[in-house]
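Here are some exercises to work through with the model open beside you. Try each task before you read its solution.

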Amino acid sequence: MSFRGKRKNAEGHASDENEGHAPPKKASNTSASVESDDSGDIVVCEISKNRRVSVRNWNGKIWVDIREFYVKDGKQMPGKKGISLSLDQWNVLRDHTEAIDNALAGSS
């Protein structure tokens, strides 16, 4: 039967190549000035207590997500109510903000 374990050096002592060394720390991909949530989404702003706008990378595409959140076990979780806009859709909406503002002003 063979014993699997640490190899012994010439003096018969088990050697540990990582002895005294901590594993390297993982580098964070977010900067200190950008707010991010647990899932790695970039939270752009909170519209209200339970609504936020975030930018996310999902399936290799960038999405602008406007969504309601709920609390479960002390954590903020995304709800079903919301919309995810592709960059093309976001650009169309952004280009029409003046028309939306004019329609809002006219309806008051």
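**Exercise 1. Strand pairing**

Find how many bridges join E3 to E4, and work out which way the two strands run.

*Solution.* Nine bridges join E3 to E4, and the pair runs antiparallel. Keep in mind that you're looking at a predicted model. For a checkpoint along this pair, take lysine 72: facing it in E4 is lysine 75. Now step back to E2 and E3, which are also antiparallel, with eight bridges between them. Valine 53 has isoleucine 66 as its bridge partner in E3. Finally, E1 and E2 pair antiparallel over five bridges. Here cysteine 45 sits opposite valine 53 of E2.

**Exercise 2. Putting the sheet together**

Give the strand order of the sheet and say whether the sheet is open. Then name the edge strands.

*Solution.* Start with the order: the four strands line up as E1-E2-E3-E4 in an open sheet, with antiparallel pairing. Next, the edges: E1 and strand E4 (75–86) each pair on one side only, which makes them the edge strands. From one strand to the next, the twist averages 35°. Then add the helix: H1 (residues 87–95) packs on the sheet and touches E3 and E4. The direction of H1 makes about 75° with that of E4.

**Exercise 3. Two hairpin turns**

Which residue has a positive phi in the hairpin of E2 and E3, and which one in the turn between E3 and E4?

*Solution.* First, the general expectation: most residues other than glycine have a negative phi. Now take the hairpin of E2 and E3, with two residues between the strands: asparagine 59 has a positive phi near 55° there. With a relative accessibility of 65%, asparagine 59 is exposed. Move on to the hairpin of E3 and E4, which also has two residues between its strands. In that turn aspartate 73 has a positive phi of about 55°, although aspartate 73 is not a glycine. Aspartate 73 is exposed too, with a relative accessible area of 74%.

**Exercise 4. Following the salt bridges**

How many salt bridges does the structure hold, and which residues do shared partners join into one network?

*Solution.* The count is four salt bridges. Begin with aspartate 41 and arginine 56, whose closest N and O atoms are 3.1 Å apart. Aspartate 41 lies in the segment before strand E1 (42–48) and arginine 56 in strand E2 (residues 51–58), so this pair, 15 residues apart, links distant parts of the chain. Arginine 56 also meets aspartate 65 in a salt bridge, at 3.3 Å from N to O. Check accessibility next. Aspartate 65, at 1% relative accessibility, is buried. Salt bridges with shared partners join Asp41, Arg56, Asp65 and Arg67 into one network. Two more accessibility values help to place the first pair: aspartate 41 is buried at 7%, whereas arginine 56 is partly exposed at 23%.

There's one more pair to look up: arginine 51 and glutamate 68 form a salt bridge at 2.9 Å, N to O. The two lie 17 residues apart, with arginine 51 in strand E2 and glutamate 68 in strand E3 (residues 61–72). Both partners come out partly exposed: arginine 51 at 42% and glutamate 68 at 25%.

**Exercise 5. Rings**

Where does arginine 52 lie relative to phenylalanine 69, and how many aromatic pairs are there?

*Solution.* Arginine 52 lies over the face of phenylalanine 69, at 3.9 Å from the ring centre. For ring-to-ring pairs, the cut-off you need is 6.5 Å between the centres. By that rule, the count is zero aromatic pairs.

**Exercise 6. Around valine 64**

Is valine 64 buried or exposed, and which residues is it in contact with once its neighbours within four places in sequence are left aside?

*Solution.* Locate the residue first: valine 64 is in strand E3. Its relative accessibility is 8%; buried means under 20%, so valine 64 counts as buried. Now list the contacts, leaving aside neighbours within four places in sequence: Val53, Ser54, Ile83, Ser84, Leu85 and Trp90. To finish, compare positions in space and in sequence: the C-alpha atoms of valine 64 and valine 43 are 10.0 Å apart, while the two residues are 21 residues apart along the chain.

Technical notes
Residues are numbered from 1 along each chain as its sequence is written. This is a predicted model: local features need pLDDT of at least 70, side-chain atom pairs count only at pLDDT 80 or more; totals for chains, interfaces and linings use all residues. Side-chain values use heavy atoms; hydrogens and water are left out. Rings of Phe, Tyr and Trp (its six-membered ring) pair if their centres lie within 6.5 Å; planes under 30 degrees apart count as stacked, over 60 as edge-to-face and the rest as tilted. A charge sits over a ring if NZ of Lys or CZ of Arg is within 6 Å of the ring centre and within 35 degrees of the ring normal. A salt bridge is a side-chain nitrogen of Lys or Arg within 4 Å of a carboxyl oxygen of Asp or Glu. Buried means under 20% relative accessible area, exposed over 50%, partly exposed in between (1.4 Å probe, protein chains only). Axes are lines fitted to C-alpha atoms, for helices over the stretch in contact, and angles run from 0 to 180 degrees between N-to-C directions. Contact means heavy atoms within 4.5 Å.
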